[in-house]
Amino acid sequence: MIFKLLLTMWMAVIIVAAFFYAGTAAGFPGQTSRILFFHVPQAWIATLAFLISMIASALYLAKRKVETDYVAQSAAELGFLFCVLATVTGSIFAKATWGSFWNWDPRQTSIVILLMIYGAYFALRSAVSDPERSRVFAGVYSILAFATVPFLVFIVPRITASLHPEDTMSPVNPGMDPKTLKVFLGSLLAYTGLFIWMLRLRIRLLRLKGLRVRDLYHEPDNE
Amino acid sequence: MQTRSSTYLNEAVAIWFRDLRSEFRTRYALNAILMFAVTTLIAVSFSIGSFRIEEAERPFLYSVLLWIILTFSALSGLSRSFVKEEEAGTIDVLKLSARPQAVFFGKLLFNLTLLGALELIIVPSFIFLMAYQINFPGFFVAMIISGGLGLGAGTTIIAAMIARASTRGALFSVLSLPLLLPLMITCIKGCERAAIGIHSAGWPEVKIAVAYVIIMVVMSLFLFPLIWEE
Amino acid sequence: MFTLKVSGIGKHYGETLVFKNISFQLNQGDVLAITGWNGSGKSTLLRIIAGLVKPSTGRVEMFFNADPIPKESRRRFIGMVAPALSLYDELTGLESIEFFCRVRGLACNRNDCLNIIELVGLAEHATKMGREYSSGMKQRLKLAQALLHKPPLLLLDEPATNLDSKGIDVLEQIISNQRQSGMTVIASNEKREADYADTVINLSE
């Protein structure tokens, strides 16, 4: 409860700070650089969530603990959500700076493939009715999909030629304005907190759904 | 009790031959794939013809069209061998008699045979109908072959999964396409270069496709038993 | 010497309980019958023993000379006949049997295959297509398939289905032969089939 309250307040502070405390970065038209405080943390959470989902899937296949699959499923769902958010905020920025919402920039290409993969992942989950089979298949698919990711490096060879701002707005860039950096790191923290809270909620929900069936027989789970 | 005197390869070949024999007698998968491919090819050829596209654009656009026809035709029939085992109720007896890795290899060989037949018919017809000029035939053929291997390697394990799913129709394509996308783009690029006649050292696209085949086959060998025994 | 040990097996689909807490042990020469009403889970229990379905609780163990047999090599020890286990319609009887020989890695030639086909009384129909077989002939071919690798554990789900009196004789011969070389589990509602067994487990009780 306290965690939720603190998180809400922190997010409110960050939103205000993002618009009024931090300055705009040089080389970007108007206020567009403020997207940094929302878009980058969203992309970071999406990456983190998909990574967690992948690892949890592999763990599930190895140990067959239902709990790890709850993590894999919840993280994939949240990863998808944040991935969509990052895509939307990204294309708003693209419209403002590059002139069009969508132009198959390498970043956009790879994000579309990622969305396709996880869209298929959810389709697979809902198409297999047996819960355990559905978990195994989802895990297998997520590992297979991960194995094809290295090939994206070959098919998106112009990654260096991307229009995506890397240096001017990278947090590791020493030239970043200290105020901007403070708000950016704060936002990263807020988004990570939000993600952890949502992830725990989702896992708890899945666990409750799973419990209902097993408790009926008062028998310990086999696996 | 049986004594094991054979290798995985012998057992895989037994499954491959049995599938070929059934296919030869019913022609279910091949008919679906070829009819899809021929119909699409005719539609493309009729609407675009051999002169509609500017000469400079041809190597790239023809390569795109060719790989779209090949990929989607393959997706229309490559799941058949697994789905048929499930529908005919023979999947359990196969599970009780064969080792999972042998099943995977047998089905992979069968799918590769189908793809071979598909490419053998469609690629020459496409070149003929579209007047597709290829300046570097060796590279082109290597690209077609390695791309075909990749299509088989990337979809066989997916076919095993969708055979156990309740909605099969579109699911096979939905699951396969994201995994095939890197391969497709590589093949399109390779065929474009072959058509133009760029002598790139070491045929990088063929190498990428071969690497894709190896990775998908190795991953499938590890993961297939999990699916098969579920 | 082969032993089968089933301990505390239970199965539920979603929230529907099929059966629970089934335990027994079988040794060489035993014949066990599993009876029960329709839907009591006879076939499911057999499929669990065969490893085709996972139990919700409990476990199935097999031992060869007291050494546990790992799951992945159990298929060599099991022969199974069940209504849901179909054979290939597009193959002739002989081709089917030859296929299962090869895929199991058995060293058997055409004569061995013909012998087993003759054993189940299909000698004249060996070169007919599976789809041309009558249901009784299909059942005989399934028996041949299950006996091919001389398994110590024979799982028969309603084995007398569609068999004529000659077919029943063949089946009885198979079960009595199996007493010498291994064990049999029969799932059936028919009293006649249950009569082959020394012990009976009723899933409806």
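Over the face of which ring does B:R27 lie? In this predicted model, B:R27 is placed over the face of B:F24, at 5.2 Å from the ring centre.

## Charges over rings

The arginine B:R27 and the ring of B:F24 belong to one chain, chain B. A second placement involves chains B and C: B:R18 lies over the face of C:F99, and the distance to the ring centre is 5.6 Å. B:R18 appears again below, among the residues closest to the centre of the largest cavity.

## Aromatic pairs

Over all chains, a search of the whole structure yields 27 aromatic pairs. The pair of B:F126 and B:Y132 is edge-to-face, because the ring planes stand at 80° and the cut-off for that class is over 60 degrees. The centres of these two rings are 5.8 Å apart. Both partners are shielded: B:F126 is buried, and B:Y132 is buried as well.

In chain A, one aromatic cluster is formed by A:F50, A:F80, A:Y118, A:Y121 and A:F122.

## Cysteines

How many disulfides does a search of the whole structure find over all chains? The search finds 1. C:C101 and C:C108 form a disulfide, with 2.2 Å between their sulfur atoms. The two cysteines have unlike surroundings: C:C101 is buried, with a relative accessible area of 3%, whereas C:C108 is partly exposed at 26% relative accessibility.

B:C191, by contrast, takes part in no disulfide; its nearest cysteine sulfur belongs to B:C187 and is 6.5 Å away. B:C191 is counted as buried because its relative accessibility is 0%, and the limit for that class is under 20%.

Why is the sulfur of C:C113 not bonded to the closest cysteine sulfur, in C:C101? The two sulfur atoms are 3.7 Å apart, which is too far for a bond, because a disulfide requires a pair of cysteine sulfur atoms within 2.5 Å. C:C113 is itself buried, at 1% relative accessibility.

## The cavity

The count of cavities of 30 Å³ or more comes to 1. The largest cavity holds about 160 Å³ of space. Its lining consists of 16 residues, of which B:R18, B:D19, B:S22, B:S81 and B:K84 are the closest to the centre. Three helices of chain B each give two or more residues to this lining: α1 (8-26), α2 (28-48) and α4 (80-88).

Which classes of residue make up the lining of the largest cavity? There are 7 charged, 5 nonpolar and 4 polar residues in the lining.

## Two helices of chain C

Helix α1 of chain C, residues 42-50, is mostly covered, with 7 of its 9 residues buried. The buried residues are C:K42, C:T44, C:L45, C:L46, C:I48, C:I49 and C:A50. After α1(C) comes C:G51, which has a positive phi, near 90°.

Helix α5 of chain C, residues 165-181, contains C:R179. Is C:R179 buried or partly exposed? With a relative accessible area of 30%, C:R179 is partly exposed. The C-alpha atom of C:R179 is separated by 12 Å from that of C:P151, and the two residues are 28 residues apart along the chain.

Methods:
Residues numbered from 1 in each chain as written. Chains lettered and ligands numbered in written order. Predicted model: local features only at pLDDT ≥ 70, side-chain atom pairs only at ≥ 80, totals over all residues. Heavy atoms only, no water. Phe/Tyr/Trp six-rings, centres within 6.5 Å; stacked < 30°, edge-to-face > 60°. Buried < 20%, exposed > 50% of the residue type's maximum accessible area, 1.4 Å probe, protein only. Lys NZ or Arg CZ within 6 Å of the ring centre and 35° of its normal. 1 Å grid on protein atoms, 1.4 Å probe; cavity = no way out; pocket = protein on both sides within 12 Å on 5 of 7 lines; lining within 4 Å. Points joined across faces, edges and corners; volume = space filled by probe spheres on them. Helix = DSSP H or I, 4+ residues; strand = E, 2+ residues; numbered from the N terminus. Nonpolar A, V, L, I, M, F, W, Y, C, P; charged D, E, K, R; others polar.
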